[in-house]
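Colleague: Before we talk about what the labels mean, could you put the structure up for me?

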Amino acid sequence: MTQARLVVDDDFIVAAVNDRLFGSFVEHLGRCVYTGVYEPGHPTADEHGFRGDVLDLVRELGATTIRYPGGNFVSGYRWEDGVGPKEDRPRRLDLAWHSTETNEFGLHEMADWMDKAGGNELMEAVNLGSRGLENALDLLEYANVPSGTELSERRRANGADKPFNIRMWCLGNEMDGPWQLGHKTAEDYGTLAASVAAGMRQIDPDLELVVCGSSSHGMPTFGAWERTVLEKTYNNVDFISCHAYYAPARREDGSRDMASFLASGVDMDGFIKDVAAVIDSVKASLKSKHDVYISFDEWNVWYQQDEPSKTPEGIDNWPVAPRLLEDIYSVADAVVFGDLMITLLKNADRVHAASLAQLVNVIAPIMTEPNGPAWRQTTFYPFAQTARLAKGGTVLEPKQDSDQTATAKYGDVDAVNSVAVRCTDGSLAVFAVNRSLDEAATFEVRLPEGFAPQSCSTQTLHDDDIFAANTLEQQNRVTLHENDSIAIDADGNAATISLPPVSWTVMHLR
Ligand code: AHR
């Protein structure tokens, strides 16, 4: 039996939890928009064509910031195609996903949808792939200038009298990736991003700008990319992005390396620490007083090499909203996912924004069928619970001891990973994963002096079949279960609980 212990101490804090840690991402990709958030004619659709069943689930999920409209898509996107009367909007090739973009849904629809979803914050990306400074300035003028100019008046004529007032802007997407339309060297991208940032600030000096970091920790240019780009942009940007997707590697015999996969949080943690080190080093060499934080604006489990992620091919084959990246998530995937959320929280001093990629249908916690139901994937549960309890809270410094579990990729790692958050109402939330494939863990939480909880609700995501998943046919096959193994000692100083192998758990102590 694995042993692990977390000491909760209010005197040592990591940081306040930024609500933006619970952001998500809507890209024009596959069925994320069309038949995902937007499906006129669906039985639950409103007058805008927004699916009511999806809106309900998004509210339950608790997603905050929504990154839009891409992703790889944005690097070929002309934002003005998606505004104005729908019947006049052009159909275009989407080169990123080899699809046809109808432009039926654009900036206004996204903003309206977010109002309906509960006032989420829009995080807009500008196209620095096929476009540059002028188009970025045009989009900013269209979106944020109240009135009195050609573009702001065009927005008003298109139905948005008030500006969208978008605060957070991504300066392109994954510009380090050779697959990216308009891919650039760090030198070229850094120079462009610096001029776009400066230009955008001439319109609105208080924008929060995100410069592209690496599209994964494993990119050959990782580290050098961040350094070069930050050296050129540091004082004019607020965030540098990180992107990371995890999947179990296939061995030669076809089996999957699940032990390493379950320890993916170790890589994410190292990624954040490495980027933080580059930020600090550039800050020091520039003798800057300004702080740059991390926007982890794409993260998830993604079976990128598998069939659902194969894009269409052929000069005569550009489907509208094809089924793409529709990964079905298992219990094991959700445990890794929960561990990634714990890792983001543990680094809340450096990571001030994060976007789960993506929101609906495309590597998403919410799945839909056209003209049919919407349901929760396994990953929905750790996201919703973490967002519900941690929003507005304070992350306490993780003083944790755990027995180790062996992995081929990362060596021996903590079998249990956990973090405690002091919630807004003074209660305490502890999130924990057991990464071991075969050993249960006894997990002791030492509580702050005098905390003496009166009540405790504890829920675990686990199944004897770690590959169990929710599907159209079985939408609630995997859910959270009460974990009644919890025991609080007589003096109220410690709570002890059993964590099954491959499991994610939330303890809420009041
Ligand atoms: O989220 C799917 C894709 O992953 C995004 O479009 C891209 O930015 C990343 O490579």
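**Helix pairs and ligand contacts**

Modeller: Here is the predicted model, and a good place to begin is that helices α8 and α9 are roughly parallel to each other.

Colleague: Why are α8 and α9 called roughly parallel?

Modeller: The axes of α8 (residues 264-286) and α9 (residues 331-346) cross at roughly 25 degrees, and angles under 35 degrees count as roughly parallel, so the pair α8 and α9 earns that name. The axes come within 8 Å, and α8 passes α9 in a right-handed crossing.

Colleague: What makes the contact between α8 and α9, and which classes of residue are in the contact?

Modeller: On the α8 side, Ser264, Gly265, Met268, Asp269 and Ile272 meet Val336, Asp339, Leu340, Thr343 and Leu344 of α9. Sorted by class, the residues of this contact are five nonpolar, three polar and two charged, and Gly265 is placed with the polar ones because Gly counts as polar in this scheme.

Colleague: How do you know that Glu298 makes a polar contact with the ligand?

Modeller: A polar side-chain atom of Glu298 lies 2.7 Å from an oxygen atom of the ligand, and a pair of N or O atoms within 3.5 Å is a polar contact, so the Glu298 pair meets the cut-off.

Colleague: What values are there for Asn173 and Gln358?

Modeller: For Asn173, an N or O atom of the side chain is 3.0 Å from a ligand oxygen atom, and for Gln358 the value is 3.0 Å, again between a side-chain N or O atom and an oxygen atom of the ligand. Other residues around the ligand include Phe25, Trp97 and Tyr245.

Conventions
Residues are numbered from 1 along each chain as its sequence is written. This is a predicted model: local features need pLDDT of at least 70, side-chain atom pairs count only at pLDDT 80 or more; totals for chains, interfaces and linings use all residues. Side-chain values use heavy atoms; hydrogens and water are left out. Axes are lines fitted to C-alpha atoms, for helices over the stretch in contact, and angles run from 0 to 180 degrees between N-to-C directions. Helices (H or I, at least four residues) and strands (E, at least two) are DSSP runs, numbered from the N terminus. Angles under 35 degrees count as roughly parallel, over 145 as roughly antiparallel, 65 to 115 as roughly perpendicular and the rest as oblique. A crossing is left-handed if the near helix is turned anticlockwise from the far one by less than a right angle, and right-handed if clockwise. Contact means heavy atoms within 4.5 Å. A residue is near a molecule or strand if one of its heavy atoms lies within 4 Å of it. A polar contact is a pair of N or O atoms within 3.5 Å; within protein, one must be able to donate a hydrogen and the other to accept it, and residues adjacent in sequence count only if both atoms are side-chain atoms.
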